[in-house]
Amino acid sequence: MSDYDSNCAWEKDRVCASRAPKHPLPQGWQAQTGILISVTTESNPPFTEQFQELLRLVKQSGDVLIGTHLNPDGDAIGSALAVSHWLDGLGVRNEVLCHNEPPGYLRFLPGSDRLRREPERSGHQLGIVVDLDSLDRLGSCRPYFEALPTLVLIDHHQPHEMPGDLRIVDPASPATAAILTDLFACKQNPVAVDIKIAECLMTGLVTDTGSFRFPNTTAHSLHQAAWLQERGAQLSKVADEVYLNRDEQAVRLLGEAIHLMKTACAGRLAWVVLPPSLFEQLGALEEHTEGIVNEILSIRTVSAAFVLRAGKFGKVKGSLRSKGDLDVAKVAQAIGGGGHKNAAGVTLEGSLEVAESVVVKAMSEALGC
Ligand SMILES: [Mn+2]
């Protein structure tokens, strides 16, 4: 039995239960939403009530549609597939939808071949969406979920749009997979967490915590990783699949990006603007930009970094990162985006040049330079 079991089992007082929430929920949101609201894991364990409500909804539904966000990452796909395997264990039919195919480094996940862009069946009675707070993030899959009578949302982003009838949301949690780990660890869970579920959840934890290096990593998430490894998910296997599995174009794009890097604020701000011609020249795709921003953030003097690229429909997409206390989610919200304190995203109108000046200005202000 790991410390996770002994310290964190729902029926017991937990070491991790005594911590106050780091990010209190916005005032008033409780009143606006559906059946049950919750905060979980880091903020407000135990989680039994939320699990029982989820189980009740799932059991009374014959067929469930699972969804996650477009341009999916390890937490998105890992969480969606973990829910799918869990429903299999309950004998509940389900399908998994995503606007995009899973990136190459996530194809090792058990069940990754289940992902579809549109449902194969009709008549689903319940939707479960994970790792998003705005239905726009479902991309082309959005209408299938909007048509469902009941929607469950499980997420760790700062709530703003708050869709869903049952919302299981904890902004203090490092990953949606961390929330699911706590849900599935409930004593009331009739499904054993097997290697398939454990690998999917471990992948979400590993990717959203940057291999347990980001400040969102807590003692609780490390206990969770130990608990998942005991159920068959090898941390080293997941890390190899995720990090030693890059396309050649991704590494070549990184090399070019570093050549293009600019700095300001006495080296505290670093950024890269990736022109569309570079993607054409290298045969690189949007998914190959993953990780570039963290590379430039790794410079000792740099406190904030961003990468811009041309998105669809004439828009510009940006990834913002910071170290320590600098809150890039606030910067992103002010100019058209959102996310977490140290990792956020923006979508801007106009040319790359215009977007660059907007983000440089906003980031410089946040840095006070
Ligand atoms: Mn996530």
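**Warm-up.** Which residue just after α7 takes a positive phi? Gly210 does, with a phi of about 55°.

Before going on, note that this is a predicted model, in which local features need pLDDT of at least 70, side-chain atom pairs count only at pLDDT 80 or more, and totals for chains, interfaces and linings use all residues. Residues are numbered from 1 along each chain as its sequence is written.

**Exercise 1. Describe helix α7 and its surroundings.**

*Step 1: find the helix.* Helices (H or I, at least four residues) and strands (E, at least two) are DSSP runs, numbered from the N terminus. The protein has 14 helices and 13 strands, and α7 covers residues 195-208.

*Step 2: check its length.* The expected span is 1.5 Å times one less than the number of residues. With its 14 residues, α7 reaches 20 Å from its first C-alpha to its last, close to the 20 Å expected.

*Step 3: buried or exposed?* A residue is buried if 20 or more other C-beta atoms lie within 10 Å of its own, exposed if 12 or fewer, and partly exposed in between, with C-beta atoms placed from the backbone. In α7, 13 of the 14 residues are buried, so the helix is largely enclosed by the rest of the structure. For the protein, 47% of the 369 residues count as buried.

*Step 4: look at a helix partner.* Axes are lines fitted to C-alpha atoms, for helices over the stretch in contact, and angles run from 0 to 180 degrees between N-to-C directions. Helix α9 (residues 235-243) packs against α7 at about 65°, with the axes 10 Å apart. Two residues are in contact if their C-beta atoms, placed from the backbone, lie within 7 Å. Here the contact involves Glu199, Met202, Thr203, Val206 and Thr207 of α7, together with Leu235, Val238, Ala239 and Val242 of α9.

**Exercise 2. Explore the largest nonpolar core.**

*Step 1: define it.* A nonpolar core is a set of buried Ala, Val, Leu, Ile, Met, Phe, Trp, Tyr and Cys residues joined through C-beta atoms within 7 Å.

*Step 2: find its best-connected members.* This core has 60 residues, and those touching the most other members are Ala82, Val83, Ile128, Leu180, Leu201 and Met202. Helix α4 (residues 74-90) gives the most to it, with 8 residues.

*Step 3: zoom in on Leu201.* Leaving out residues up to four places away in sequence, Leu201 touches Gly78, Ala82, Ala177, Leu180, Thr181 and Leu228.

**Exercise 3. Place strand β9 in its sheet.**

*Step 1: read the order.* Two strands pair if DSSP finds at least two bridges between them. The open sheet has 6 strands in the order β8-β9-β10-β11-β13-β12, with mixed pairing. Its edge strands are β8 and β12 (337-339), each pairing on one side only.

*Step 2: compare the neighbours.* Strand β8 (residues 262-264) runs antiparallel to β9 and is joined to it by 3 bridges. β10 (residues 304-310) runs parallel to β9, with 6 bridges.

*Step 3: follow Ala270.* This residue of β9 is the bridge partner of Thr263, and it also stands opposite Ala305 in β10.

*Step 4: explain why β9 is enclosed.* All 6 of the 6 residues of β9 (residues 269-274) are buried, so the strand is largely enclosed by the rest of the structure. Both faces are covered: Leu269, Trp271 and Val273 are buried on one side, and Ala270, Val272 and Leu274 on the other.
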